[in-house]
Amino acid sequence: MDWSRLQKALSVEAERGFNDLLGNQYRFSEFLALSLDHPPADLTTKIQEQLKDRASVFTTYSALSFSERQHLVADTRRMLYQVKRSIEVEEQGDREAGEQGSKGAGEQGSRGAGEQGSREGHLSQPSDSPTLQPSNSSTLQLSNSPTLQPSNPPTLQNPKSKIQNPKSPKTLPVDYRHKQTHLKLDKPVTYLPGVGPKNSERLGKLGLFTVRDLLFYYPRDHINYARQVKIQDLMPGETVTIIANVMRCNCFSTPKNNKLTIFELQLKDSTGGLKLTRFYPGNRYRNRGWQEQQKRRYPPGAVVAASGMVKKNKYGITLDNPQIEVLDHEGGSIDSMKVGRMVPVYALSEGVAADLVRKAVVAALPAVEELVDTVPESVRKQYELVDIRQAIAQIHFPENEEHLATARRRLIFDEFFYLQLGLLKRRQQQRQKQTNAVLAPTGKLIDSFYEVLPFTLTGAQQRVVNDILADLQNNVPMNRLVQGDVGSGKTVVGVVAILAAIQSGYQAALMAPTEVLAEQHYRKLVEWFNLLHLPVELLTGSTKTAKRRQIHSELATGELPLLVGTHALIEDPVQFTQLGLVVIDEQHRFGVAQRARLQQKGDNPHILTMTATPIPRTLALTLHGDLDVSQIDELPPGRKAIKTTILNGRDRNHAYDLMRREMVQGRQVYVVLPLVEESEKLDLRSAIDEHQHLQETIFPDFQVGLVHGRMASADKDKAINEFRDRHTQILVSTTVVEVGVDVPNATVMLIEHAERFGLAQLHQLRGRVGRGGSQSFCLLMNNSKNDVALQRLKVLEQSQDGFFISEMDMRFRGPGEVLGKRQSGLPDFALASLVNDQDVLTLARDAAEDLIQKDPTLNRWEALKTELDYRYQRLMGGAILT
């Protein structure tokens, strides 16, 4: 069974969002089911049964939910890893037993070579085993097209049948223990062997000043040159090492370009030959002495190890920019930092060479013996984590892919573990704070509000309201996040909390990120508060000076119980008499410092944050691990699913026909574009041009409005109000309307250049329609020929679930792009990925919760406490709320 290909298939499926990817021959689930259902006969009966049971689960893969698929893939990866390890342990025992006799030794040569191939990740590919290859070389496509089942299930061969050359040279491990004992972690890099003052200045550009800095400067990737193959087995795209004899070496300057020197090496092994070429630009290589020196280094008959990526050109197979080492003899050891091994690739800066960083890291490696493992031994045993010293050594120069995987898992666990410990400890500290704002969960105001509401709260809304009211009656300040999909009714939930504060004699503040959204909240609150005979005011950057003074005065006297606004709320002149509750909408759009400044307007007020951009669980754990989270996971009854369609330029007239049909029936249309004005750099339709085109050419018999971020606030409000009041039938806009515009009569959302928006943003825009009782439509105009762009948009076409869409958005674009890098508050991980390492994050969270439960002070683990202070500050940086 080809463990490497199975693990690769599972890895690709996870990277592409658990969509049951379609290859040339099979879907992912079919490939796994077929492969696991035919385990090799030499496996134990128990393991065979386990693999077959797992195969049957993959036959139901298409019916599983996203989270079920996620857990199945993660569990299968762990299961295959454990099975493979148990096989290798058994083979090790067989090999030792086989060395007792010549026949056993001969058999062991075959088995040992098979094990070596397995360990180095190049198991032979059986000709009739299923393949999971992308149907296009650049992307794996989401597709609903049927796949034919094979009439006869494939038979998977045992990869151990392939025998390697027993004389294959062994790559020496990076041996650091004997080089320098008692190397201190705080020693400056300038004193390391081979570094010195000049190189230490270069390393300083990467922030590498001490030995500790070098040890914790993890590679961003590894190139796997550990796999040794014969010349006839070279396949384009693979990274390999070949062992061959030199037939001829040539080095010369080209007649056409005397500044270019070409080095050629003709090699041959028992299966074939090939030519390696390297190019040296610059006058320094024209020197005949240097060229003759190269020829002498590679005399005919010499044995060399050459590593590189296999490429095919018009002259045949070769290695691209190969790394070459001359061996002492056939079967001699490889002792190079760049040949025949897993080569670390580090992030670099101008003037800092990769070889310098590798050399400095090797010189620093003896100091791993000085590291103290601060993760308690009980945690390491429970979660099967290798020792920190082994992890650091193997992350830099791993002996094989398995050692690299175990090292990465340990170090990723540490990053998540210390982050979660810090967040949980912060929550513990917050719960020790006291607030005077103990708010009554029941009262006349809340009862009156329920009476004037024209609808009944959904079960999900009522559940979240109960969570909030339970928090508000404690003297520990509430710190709760409410997540809800577009149109789920978060505002109503927030109003109940605000009324609880007001009826208890306190003031409340509601902060929104944009004037459009603040205005929307204000309009809705005025509508409700007028019926309850309560005053409410709006404060934004556009508020006139006289009105500002009035608001400041009424806040100071306590006459004004509720203030709605934008960032203007955190300005110094805004002073509340008795602020009991802060409500922050679309909280991820504010910087952490901005949220903190509003909290400081009162004496430990209760905090309620809301978002209509659902955050995947991994992001919620990372960003809001110190918050209590409630979800409104139910839409109000009567909402119809919005019909979403992907269109291209040829379908534009169909879109216009649908828009006209809806407008003739008295309904309205949004047209959203990514640009305000035409750009010379980008060939995109602009809002201003599109407004003119639609008004004058396409829909001259309808009124077309325009709104964008560069307009004055008064003009923006006027355009939105005219659309809301049905004076205009079409509103052409940029993403100003993403949140906060509520026009139930609008039924069509046309998004131009939809491929330029994130999925979560498109889902928000789509949520501007479907707010009334009529069937609504979202048209995604795709101008890209990129298959990945189409895959992303298909997610919107297939799902209305904001949580699933945000999860997919994070997988396609990364969490920093989804949330906005400046405002996100994301920690700065060195290795961990919120997309690919979700299972480790969950384990780290469990471990952190267990320790905090045992001892909230962490005093039982002094070394752990010290490391937490150091790591948490570095991970979170300026994102730590104080």
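**Close-up 1. Helices α6 and α9 meet.**
Asn199, Arg202 and Leu203 of α6 are in contact with Leu356, Val357 and Ala360 of α9. Sorted by class, this contact is made up of 4 nonpolar, 1 polar and 1 charged residues. In this predicted model, α6 covers residues 196-204 and α9 covers residues 354-364. Their axes are 11 Å apart and form an angle of about 105°. Angles of 65 to 115 degrees count as roughly perpendicular, so α6 and α9 are roughly perpendicular to each other.

**Overview. The whole protein, before we look at more details.**
Welcome to a protein of 882 residues, 54% of which count as buried. Its secondary structure comes to 28 helices and 20 strands. Take the contacts between residues at least 6 apart in sequence: 74% of them join residues at least 24 apart. The protein exposes about 40,100 Å², and 47% of that is supplied by carbon and sulfur atoms. Salt bridges will appear in several of the views below, and a search of the whole structure finds 22 of them.

**Close-up 2. Helices α20 and α21 meet.**
Here we look at α20, made of residues 652-664, and α21, made of residues 687-698. The two helices pack at an angle of about 70°, and their axes are 14 Å apart. With that angle, α20 and α21 are therefore roughly perpendicular to each other. On the α20 side you will find Arg652, Tyr656 and Arg660, which meet Glu690, His693, Leu694 and Ile698 of α21. The residues of this contact divide into 3 nonpolar, 1 polar and 3 charged. Keep Arg652 in mind, as the next view returns to this residue of α20.

**Close-up 3. Arg652 pairs with Glu752.**
Arg652 forms a salt bridge with Glu752, and the closest N and O atoms of the pair are 2.5 Å apart. Arg652 belongs to helix α20, while Glu752 sits in the loop between β19 (746-751) and α23 (759-766), so the salt bridge ties together parts that are 100 residues apart in sequence. Both partners, Glu752 and Arg652, are buried.

**Close-up 4. Arg548 pairs with Glu571.**
In this salt bridge between Arg548 and Glu571, the closest N and O atoms are 3.5 Å apart. Arg548 lies in helix α17 (residues 545-557) and Glu571 in the loop between β11 (562-565) and β12 (579-585), so the pair ties together parts that are 23 residues apart in sequence. Arg548 is buried, with a relative accessible area of 17%. Glu571, at 35% relative accessibility, counts as partly exposed.

**Close-up 5. Lys381 pairs with Glu377 in helix α10.**
This view stays within one helix, α10, which runs through residues 377-382. Lys381 and Glu377 form a salt bridge in which the closest N and O atoms are 3.6 Å apart. The two residues are 4 residues apart in α10, so about one helical turn separates them. Lys381 is exposed, with a relative accessible area of 62%, and Glu377 is partly exposed, at 48%.

**Close-up 6. Salt bridges join into a network.**
Some charged residues can be followed from one to the next: Asp373, Arg380, Arg410, Asp414, Glu867 and Arg871 are linked in a network of salt bridges. To trace this network yourself, look for those six side chains in the structure above.

**Close-up 7. Asp20 and Arg726 have positive phi values.**
Neither residue in this pair of panels is a glycine, yet Asp20 has a positive phi of about 55°, and Arg726 has a positive phi of about 70°. You can locate Asp20 in the loop between α1 (3-15) and α2 (28-36). Asp20 is buried, with a relative accessible area of 7%. Arg726 is found in the loop between α22 (713-724) and β18 (730-733).

**Close-up 8. Gln323 and the residues around it.**
Our last stop is strand β6, residues 316-326, which holds Gln323. This glutamine is buried, with a relative accessible area of 17%. Leaving aside residues up to four places away in sequence, Gln323 touches Arg278, Ala305, Ala306, Ser307, Lys338 and Val339.

Technical notes. Residues are numbered from 1 along each chain as its sequence is written. This is a predicted model: local features need pLDDT of at least 70, side-chain atom pairs count only at pLDDT 80 or more; totals for chains, interfaces and linings use all residues. Side-chain values use heavy atoms; hydrogens and water are left out. Axes are lines fitted to C-alpha atoms, for helices over the stretch in contact, and angles run from 0 to 180 degrees between N-to-C directions. Angles under 35 degrees count as roughly parallel, over 145 as roughly antiparallel, 65 to 115 as roughly perpendicular and the rest as oblique. Contact means heavy atoms within 4.5 Å. Ala, Val, Leu, Ile, Met, Phe, Trp, Tyr, Cys and Pro count as nonpolar, Asp, Glu, Lys and Arg as charged, and the others, Gly among them, as polar. Buried means under 20% relative accessible area, exposed over 50%, partly exposed in between (1.4 Å probe, protein chains only). A salt bridge is a side-chain nitrogen of Lys or Arg within 4 Å of a carboxyl oxygen of Asp or Glu. Accessible areas come from the Shrake-Rupley method with a 1.4 Å probe; for residues, only the protein chains shown count as cover.
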